[in-house]
Amino acid sequence: MHKPVELVSYDREWPEAFQRIRAKLLALLPQALAIDHVGSTAIPGMTAKPLIDIDIVLSGLEQIEPATQVLLSENYEPRGNRYDDEVWAFLSRGSAPAERVYLCPAGNGTHRNRLAFRDYLIAHPEAAADYAALKRRLAAEFRMDGDRYTAEKREFVDTIVTRALRG
């Protein structure tokens, strides 16, 4: 059985929660080149799933397996290679707020696009409002189908990423 798509209003504690999680992850993976808050919880005022999305950038693919072992030892559940772009996902077990962590090598396109999307929405409140409205509509329409909810956001996300990367 699928879990329902749950969206909540922006929580002012998310940035602080990210900083705590970042410090923990940096202690576990001191070789990380960057640990970035991505996803909707990184956008002030954005409606979001109550889940902190985090990209951990490593210097190369050879560091993915050792970092995976560290995350597994800390009760992160593996969620596979995502986006066909050398991005490995992990979900925390029992943390509050929940954490979804992605390992990716430096220069990764998915990571670049996530930062571009996040930064564009922060700088363009009207686009952020459009995205929030889309998310609410899709969450209502696809309440029990998280994959479809995510897929239906793709066109909007791709449009914003293209705008952001054009500068």
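**Helix H3 and its surroundings**

In helix H3 (residues 109-123), the buried residues (under 20% relative accessible area, 1.4 Å probe, protein chains only) are Gly 109, Thr 110, His 111, Arg 114, Leu 115, Ala 116, Phe 117, Arg 118, Tyr 120 and Leu 121. The model is predicted, with local features requiring pLDDT of at least 70 and side-chain atom pairs counted only at pLDDT 80 or more, while totals for chains, interfaces and linings use all residues. Residues are numbered from 1 along each chain as its sequence is written, and side-chain values use heavy atoms, without hydrogens and water.

The buried residues of H3 pack (heavy atoms within 4.5 Å) against strands E1, E2, E4 and E5 and against helices H4 and H5. At the start of H3, a side-chain oxygen of Asn 108 comes to within 2.9 Å of the backbone nitrogen of Thr 110.

The axes of H3 and H5 (residues 146-166), lines fitted to C-alpha atoms over the stretch in contact, come within 8 Å and cross at roughly 85 degrees. The two helices are therefore roughly perpendicular (65 to 115 degrees). On the H3 side, the contact includes Ala 116, Phe 117 and Tyr 120, and on the H5 side Phe 156, Ile 160 and Ala 164. The residues of this contact comprise 10 nonpolar, 1 polar and 2 charged.

His 37 lies in strand E1 (residues 34-38) and, at 9% relative accessibility, counts as buried. Its side chain forms a polar contact (N or O atoms within 3.5 Å, one able to donate a hydrogen and the other to accept it) of 2.8 Å with that of Thr 41. Among the residues that His 37 touches, beyond those up to four places away in sequence, are Trp 14, Asp 53 and Arg 118.

Technical notes. Axes are lines fitted to C-alpha atoms, for helices over the stretch in contact, and angles run from 0 to 180 degrees between N-to-C directions. Helices (H or I, at least four residues) and strands (E, at least two) are DSSP runs, numbered from the N terminus. Angles under 35 degrees count as roughly parallel, over 145 as roughly antiparallel, 65 to 115 as roughly perpendicular and the rest as oblique. Ala, Val, Leu, Ile, Met, Phe, Trp, Tyr, Cys and Pro count as nonpolar, Asp, Glu, Lys and Arg as charged, and the others, Gly among them, as polar. Buried means under 20% relative accessible area, exposed over 50%, partly exposed in between (1.4 Å probe, protein chains only).
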